[in-house]
Amino acid sequence: MRLRLLLAGVGLLLIGTLVMVFALVNWTGASGVRDEQMHAERVWYAQSRHHYRIVIRQRTRTGVCEQDLEIRNDRVQTVYLNQCAQPPIWTVPRLFSWVRQLGQPAGLCYPSSLQCTCRVSTHLQVLFDPQSGYPKQVLYEWGLRPNWESMDYWQSLVLGTDRVDCARRTRGGVVEITVVSFMPLP
């Protein structure tokens, strides 16, 4: 019994250290994309591009598709090609907005908010065009991971109760948006 209590105490100390390390890692990753995006938006809006043609390739679990759009004053003016099973909505400001939304920290718990053994895990990688500022490529991945920041996960580990295998609970997913071509129009 004493050994079990000693192990539980050591486990809780380890948990506290890991929580601090993972919180720091999550915090620093999100701020890098935000800083890059703020700079890219300043570059984009300083050029006052109101009329352009953009070809976007979208890759998801269901396949790859392309949209070829003419944009005027942040609205889709002409659709030259739409192979995607969604409306043609991709303007540069909408891409910026989508990246900003994806950059919000994921706080969802699994299987429920009362027992947070797993956490929604996301990864966002964005490349901005250095001359024009628009998001040239956006890669967004998600899935479930063990929630090292929650006592629920560590209690199940230390006390030997039934743990949830987070990786098997979801297939996760990937969305990749690539600007294949961008052409300013008069």
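Me: Contact means heavy atoms within 4.5 Å. In this predicted model, with which residues is S132 in contact, leaving aside its neighbours within four places in sequence?
Reply: S132 lies in the loop between strand 5 and strand 6. Residues up to four places away in sequence are set aside here. What remains in contact with S132 is V43, W44, Q47, R49 and F182.

Me: How far apart in space are S132 and A46, C-alpha to C-alpha?
Reply: In sequence, S132 and A46 are separated by 86 residues. Their C-alpha atoms are nevertheless separated in space by 9.2 Å.

Me: Is S132 buried or exposed?
Reply: The cut-off for buried is under 20% relative accessible area. S132 has a relative accessibility of 8%, so S132 counts as buried.

Me: Which residue takes a positive phi in the hairpin of strand 5 and strand 6?
Reply: Strand 5 and strand 6 pair in the antiparallel sense, with 11 bridges. In one of these positions F128 stands opposite P135 of strand 6. The hairpin has 6 residues between the strands, and the one with a positive phi, near 90 degrees, is G133.

Me: Over how many bridges do strand 6 and strand 7 pair?
Reply: W142 stands opposite G173, a residue of strand 7. The sense of the pairing between strand 6 and strand 7 is antiparallel, and the number of bridges is 6.

Me: Which residue in strand 7 is the bridge partner of Q58?
Reply: Strand 7 also pairs with strand 1, in the antiparallel sense and over 8 bridges. Opposite Q58, the partner in strand 7 is I177.

Me: Which element gives the most residues to the largest nonpolar core?
Reply: This core has 25 residues, and I54, V92, L124, V138, I177 and F182 have the most contacts inside it. Several elements supply at least two residues each, among them helix 1 (2–46), strand 1 (51–60) and strand 7 (173–184). The top contribution, 6 residues, comes from helix 2.

Me: Which residues does I54 touch, not counting those up to four places away in sequence?
Reply: I54 is one of the residues with the most contacts inside the largest nonpolar core. Beyond four places in sequence, the residues that I54 touches are Q67, D68, L69, I71, W90, V92, V179, S181 and F182.

Me: What is the relative accessible area of E41?
Reply: E41 belongs to helix 1. Beyond four places in sequence, E41 touches F96 and R100. E41 is buried, and the relative accessible area is 17%.

Me: How many disulfides does a search of the whole structure find?
Reply: A disulfide is a covalent bond between the sulfur atoms of two cysteines. C65 and C84 form such a pair, with their sulfur atoms 2.0 Å apart. The search of the whole structure gives a count of 1.

Me: What is the handedness of the disulfide of C65 and C84?
Reply: C65 is buried at 11% relative accessible area, and C84 is buried at 10%. Their S-S bond has a torsion of about 95 degrees, so the disulfide is right-handed.

Me: How many residues apart are C65 and C84, the disulfide pair?
Reply: C65 and C84 form the disulfide. The pair links distant parts of the chain, with C65 in strand 2 (residues 63–72) and C84 in the loop between strand 3 (75–82) and helix 2 (92–102); the separation is 19 residues.

Me: Which residue meets D68 in a salt bridge?
Reply: Side chains of opposite charge can pair when their charged atoms come close. The structure holds 5 salt bridges. For D68 the N to O distance is 2.7 Å, and the partner side chain is that of R53.

Me: Does R53 count as buried, partly exposed or exposed?
Reply: D68 lies in strand 2 and R53 in strand 1, 15 residues apart. D68 counts as buried at 11% relative accessibility. Buried means under 20% and exposed over 50%. R53 stands at 25%, so R53 counts as partly exposed.

Me: What is the N to O distance in the salt bridge of E149 and R145?
Reply: Another salt bridge joins the side chains of E66 and R57 at 3.0 Å, N to O, and R57 is partly exposed at 34% relative accessibility. In the E149 and R145 pair, E149 is partly exposed at 24%, whereas R145 is buried at 15%. The N to O distance between E149 and R145 is 3.8 Å.

Notes. Residues numbered from 1 in each chain as written. Predicted model: local features only at pLDDT ≥ 70, side-chain atom pairs only at ≥ 80, totals over all residues. Heavy atoms only, no water. Disulfide = S-S within 2.5 Å. Helix = DSSP H or I, 4+ residues; strand = E, 2+ residues; numbered from the N terminus. Buried < 20%, exposed > 50% of the residue type's maximum accessible area, 1.4 Å probe, protein only. Core = buried A, V, L, I, M, F, W, Y, C linked by side-chain atoms within 4.5 Å. Salt bridge = Lys/Arg side-chain N within 4 Å of Asp/Glu carboxyl O. Pairing = 2+ DSSP bridges.
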